[in-house]
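Colleague: Could you walk me through one part of this model in some detail? I would like to start with a strand pairing and then move on to the charged side chains.

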Amino acid sequence: MTFDDDSIKESTDNQGDLHRTIQLGGLYENWFLDYASYVILERAVPDMGDGLKPVQRRLLHAMNQLDDGRFNKVANIIGHTMQYHPHGDASIGDALVQLGQKDLLIDTQGNWGNLLTGDSAAASRYIEARLSKFANDVVFYPKTTRWKLSYDGRNKEPVALPMKFPVLLAQGVEGIAVGLASKILPHNFIELIDASIKYLMNEDFEILPDFQTGGMGDFSKYNDGLRGGKVRIRAKISQYDKKTLVINEIPFSTTTTSLIDSIVAASDKGKIKIRKIDDNTAENVEIVIHLNPGISPDQTIDALYAFTQCEVSVSPNACVIRDGKPAFIGVSEILKANTNQTRELLRLELQIRLDELEREWHLSSLEKIFIEQRIYRDIEQSENWEQVVEIIRSGLVPFISSLRREVTDDDIVQLTEIKIKRITRFSSFKADEHLKGIETEMEEVKNHLQHITDYTINFYRQIKKKYGQGRERKTEIRSFDTIQAAAVAANNEKLYVNRIEGFAGTSLRKDEFVCECSDIDEIIVFRENGTFVVTRVSPKSFVGEHIIHIDVFRKNDDRTVYNVVYRDGRKGPWYVKRFSVLGVTRDKEYDITAGTPESKVVYFSANPNGEAEVIRVFLKPKPRMKKTAFEFSFAEISIKGRNSKGNILSKHPLKQIHKRENGVSTLGARDIWYDETVKRLNTDQRGIYLGAFSADDRLVNFTQNGDFKLTGYDLSTHFDDDMIVIRKHNPDEVISIIYREGETGKYYLKRFTIEDDTPNAKRMSLIGEHPQSNLIHLLFDDLPVVRLSFHPTEKGKVIEDETIELASFIGVKSYKAKGKRLSANEISDLSVLEPLAPPEDMSVNIEELSTNDDLEIQEVEQVISEEMPDTDVPAKQPPKPESPLQMELEF
């Protein structure tokens, strides 16, 4: 180790010993920067050219040298790579396993670990690898590769591999250097190719991450992979039944082990309530969560996303080495740069091939002239090499005009090396054919060079066709709503209150029990003096004396309405008001009265659905007061803000107030929308309007596989991924479906209603249990019409198209019925036509008409008889029971 002279100072102590003082400032500045630069450039950050870290590049180069089409022991590959990589075998082995698990550049054999469970690979002596066919096609081309000496100078290694595919974006990368980090998420193989083609065609494109573990991703804040972006990834959770949830896909960066551990930890903390977890993961993920009785599956799914690794956030940071320096570049720019590089590499390969063809054509032409003109005979009497060269050159002079370039000494040397055996077997016809083949290929190569962009597009399409199968997107692109943790947390605590002393909390077990809550809930506390406060749940806290109401607070809850009667000041009038508490500041005190000192709340009720009760008010008797009691309904006043003063109930002193009767909700039905992007219900007018819901109203949703399910309209309800239709349930609505029965392959029709007694949250099949059955059409029109087209018969007879009115074809039956076959002929096409218009209602309410002085009953009968179709039945004949019109007349 050497030091600068300025950084070393010598001194002696009282003992006379010599000490050396070293100034670390200069050493830190120089050595640390050298170290940081080395880690950034040679270890952690990938190169933009080929998308590889140095260890990955050296691994692929070593595997290419060993490649003979057969598998090689990983231990052998590691040892061979150490000729180029100046670090230990452990780092090389880990890098190779990571490359193998990406399933792109390397074919693997043996136990290479499991990305889903987090299991590690077997020892390097037990597993094998080789380059994939894809890697051989897009990674290596020695003639366009730049080389440098290895770390010890004994071998040559590539500066960068001639990569003709955005491997960096396909595989993703993560590396931590000194002072910076790189995190590029993996993208879909097919989508990268499509984006490159769009870029070459001057079209806009967008690329989004895709993960091997699947799941669902919200990429709305991806920010092109740059620093500051965020990706939210969720597991796919389905409801098997009311007591069971199943996780089939997990988020990126998690494993089944870490996911289960996070669920168990959340359960131990009381955030969620589960009975047990079973891990049945093998080739595919299957984590089964068993719920406690009475626990909502929908709320538990939201809680899993809120409190466990079922939802994770990943922050990308696209950093690459460009021109020898780290640079922060978006994934779109990386794709464009790689596409431009691919086009340039293909141009170089074509140019190299064209040069090779021209050289081959030139040498073949010289050989043809040399043999056909028997120039080789003229050199028999030559005495030295110079004469040989001169004789051959002279013999070629008459034919130089037919050549494409000058004849060099190297060309003449190659002519002298032609063997006698080849001369004796020479065929002019075959030589001409060979030259024509070369010329044809040269024209083709020149055409590709002139249309290099089209050639590059075709190259990408061939790669997609050859290797794209089975590489479809695995991560579903979704938009997530924000889950409020307090709204989905399981109740793991009990809330108590001491109303007189003003304490509330979860540890006051000797005091009054209020309700169950979670430890992250907020509570709202109303006091007798008209003030209220919202605060966090805690073991014990002072919330104010003389508490009249305490409950768990739900932010932005516009359904809970408070009905209040209060006295304004010591001797003021008595006011009545209705209000809701939406958004407040935690631990800030608010006043629901007019603010006059000594105001007092004398009546208070909290109504979770906006109920308006009736109260009986008793006044203090006074001389000449005739009425000492009256009734008042809160429905008479409107719901306003908490700061409103209210309406005067009485100016006379009140003696007492009794609740006369319970009221009904004044809020009316609740308008519900369905947002397709997040697949959730809402009241914010986002998405499809489903209708106004109240009381026992329900939703019915239909799935692609022919099932339906009834659910409530709670905003936390989850819906199946294969849902195709959602609408408000109407037990009187007639639904028509056409389906193809799997066993016979015939088309069936059935019309049915979904009765009120159909159970909730249970999937019911409409098309039978056969796996080959499939739903064709789902119709909600009153009078739908379809047209059938048929295949010719076996004898070639053409069958005319048939139009069917479904309402007259089959009656309304149960949804469990099989239905009626549409036709005995083989159907080739089935199309839905415009439905028929419903007939005008000709029925007449005689009871209503009897009060009309301008129209006698006889005139009504005459009008109806004129509107009825002509029949042979006399007008006064008793009506037929099957006619709805005549049934009305009979009534």
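Colleague: Which residue in β5 does Ile-106 stand opposite?

Modeller: Happy to help! Ile-106 stands opposite Leu-131 in β5. Before going on, a word on the basis: this is a predicted model, in which local features need pLDDT of at least 70, side-chain atom pairs count only at pLDDT 80 or more, and totals for chains, interfaces and linings use all residues. Residues are numbered from 1 along each chain as its sequence is written, and side-chain values use heavy atoms, with hydrogens and water left out.

Now the strands around that pair. β4 is joined to β5 (residues 128–131) by four bridges, and the two run antiparallel. Strands here are DSSP runs of E with at least two residues, and helices are runs of H or I with at least four, both numbered from the N terminus; two strands pair if DSSP finds at least two bridges between them. β5 sits in the middle of an open, antiparallel sheet of three strands, in the order β3-β5-β4. At its edges are β3 (72–73) and β4 (106–109), each of which pairs on one side only. In a regular strand the side chains alternate between the two faces of the sheet.

From there, let us turn to the charged side chains. A salt bridge here is a side-chain nitrogen of Lys or Arg within 4 Å of a carboxyl oxygen of Asp or Glu, and the count by this rule is 39. One of them links Lys-143 and Glu-356, with the closest N and O atoms 2.3 Å apart. Lys-143 lies in the loop between α5 (133–138) and β6 (146–149), while Glu-356 belongs to helix α10 (residues 331–372), so this pair ties together parts 213 residues apart in sequence. Lys-143 is exposed at 52% relative accessibility, whereas Glu-356 is partly exposed at 29%; buried means under 20% relative accessible area, exposed over 50% and partly exposed in between, with a 1.4 Å probe and protein chains only.

Another salt bridge joins Arg-763 and Asp-707 at 3.3 Å, N to O. Arg-763 is in the loop between β42 (747–753) and β43 (764–765) and Asp-707 is in strand β39 (residues 707–711), so the two tie together parts 56 residues apart in sequence. Arg-763 is partly exposed, at 33% relative accessible area, but Asp-707 is buried, at 13%. Through shared partners, salt bridges join Asp-707, Lys-709, Asp-720, Asp-722 and Arg-763 into one network.
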